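Me: I would like to go through this model with you and check each label against its definition. Could you show me the sequence and the structure before we start?

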Amino acid sequence: MLVSVVIPTINRPKLLLRAIDSVLRQTHQEIEVIVVVDGPDPDTVSAVRAVNDPRLQLIVNPQSLTAAGARNAGADHARGEWIAFLDDDDEWLPSKLERQIAFASGHPPALLSCLSRVVTPTATYVLPQVIFDNSGPIDEYLFDRRSLLGGCNFIQTSSYLLPRALFDKVRFDPDSAHDDWGFLLQLSKQAGARIETVPEELVILYFEEQRPSFTSRSWSWEHSLRYLDKIQPIITPRAYSGYCLGVVGERAAQQRAYAAFPELLRRAFRNGSPRLSHVLPYLAWWLMPHWLLRQLRASLRVRRIGVPLFTTI
């Protein structure tokens, strides 16, 4: 069966070539690779055109549509029965598509994800640590922090593989601060689709490198708060307070938006149902150095999967 792989990109030809190579080396060979260059970028266009493989297509947006809009544009050109997405700074292991398609044969139509090997300059760990099993709301899985240094529940765009018929029901939102989460929420809570995870490491994600990000634009905390207002009708009170204090609160603290501190607490208690595990990390983001909190979170992830603390890459 034909799989259409969509890769949005801009201004990162070397990273893009690594991503493309990981797709062309897939053991499942019935693929087409659709690279969407999101705006004028002669160097990236030249790099893609130098790849000699008939399965590779190039689309150049005359002006930026954002990563979400570029994904939609690529999917609009897709001919496959299945659509997969890969960010230009990530890569797949060779059996990624083969293992996901084999898994899909025994399950109803669903968005398929997998485990990801996360590589940072100081450590390597695996996410998610807890796989979503469809027994509860997807929004609580993503946002309802249950431990003080949580945030380990995780479904990332480079792992997505779904039937074309499912994608046709949902689009990425170019105006959203969190289009990847929004895509999952629409699929699960509005289209009624399941989200299944192959319990194998099939994607490599490179985090915290000193380079500009395309697929995760630096939105302000106000953008994240407006997104929360937008999704409030379809998420639970637990998810609301977890997102308000965890996602918006962390971003506001990083941006030193001190006026947001009481406002976010007020919203979380008025509209949500906060846990202690929501409130204490929120306070920590405002009172402790951010580098220390990130280090504590990373060390907890690494220790949980049995990898020595701060493995050198």
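**Checking the labels**

Me: N61 is found in the loop between β3 (56-60) and α3 (66-76). Before we look closer, what kind of model is this, and how are helices and strands assigned?

Reply: This is a predicted model, in which local features need pLDDT of at least 70 and side-chain atom pairs count only at pLDDT 80 or more, while totals for chains, interfaces and linings use all residues. Residues are numbered from 1 along each chain as its sequence is written, and side-chain values use heavy atoms, with hydrogens and water left out. Helices (H or I, at least four residues) and strands (E, at least two) are DSSP runs, numbered from the N terminus. The chain comes to twelve helices and nine strands.

Me: Why is N61 called buried?

Reply: Buried means under 20% relative accessible area, exposed over 50%, and partly exposed in between, with a 1.4 Å probe and protein chains only. N61 has 6% relative accessibility, so N61 counts as buried. Across the 313 residues of the chain, 56% count as buried.

Me: Which residues does N61 touch, leaving out those up to four places away in sequence?

Reply: A contact means heavy atoms within 4.5 Å. By that test N61 touches V36, V37, D38, G39 and P40, together with A70 and A73.

Me: What makes the span of helix α1 close to the expected one?

Reply: The expected span is 1.5 Å times one less than the number of residues. Helix α1 (residues 13-24) has twelve residues and reaches 16 Å from its first C-alpha to its last, close to the expected 16 Å.

Me: Which residues of α1 are buried, and what covers them?

Reply: The buried ones are L15, L16, A19, I20, S22, V23 and L24. Their cover includes β1 (3-9), β2 (31-37), α2 (42-49), β3 and β5 (91-92). As background, an α-helix has 3.6 residues a turn, so residues three or four places apart point the same way.

Me: On to the rings. How many aromatic pairs does a search of the whole structure find?

Reply: The search finds 16. One of them joins F167 and F183, with 5.9 Å centre to centre and 35° between the planes.

Me: What makes that pair of F167 and F183 tilted?

Reply: Rings of Phe, Tyr and Trp (its six-membered ring) pair if their centres lie within 6.5 Å; planes under 30 degrees apart count as stacked, over 60 as edge-to-face and the rest as tilted. At 5.9 Å the rings of F167 and F183 pass the distance test, and 35° is neither under 30 nor over 60, so the pair is tilted. The pair links distant parts of the chain, with F167 in helix α6 (residues 164-167) and F183 in helix α7 (residues 179-190), 16 residues apart. Both F167 and F183 are buried.

Me: And why is the pair of Y227 and Y243 tilted?

Reply: Their ring centres are 6.1 Å apart and their planes are at 50°, so the pair is tilted. Y227 lies in helix α8 (residues 221-231) and Y243 in helix α9 (residues 237-254), so the pair ties together parts that are 16 residues apart in sequence. Y227 is buried at a relative accessible area of 7%, and Y243 is buried at 0%.

Me: How do you know that the charged end of R18 sits over the ring of Y206?

Reply: The test asks for NZ of Lys or CZ of Arg within 6 Å of the ring centre and within 35 degrees of the ring normal. The charged end of R18 sits over the ring of Y206, 4.0 Å from its centre. R71 does likewise over F172, with its charged end 5.1 Å from the ring centre.

Me: How do you know that β1 and β4 pair?

Reply: Two strands pair if DSSP finds at least two bridges between them. β1 and β4 have four bridges, in the parallel sense, and V3 stands opposite W82 in β4. Three bridges join β4 to strand β8 (residues 161-163), and these two run antiparallel.

Me: Last one: why does N11 count as exposed?

Reply: N11 has 54% relative accessibility, so N11 counts as exposed. N11 is in the loop between β1 and α1, and has a positive phi of about 60° although it is not a glycine.
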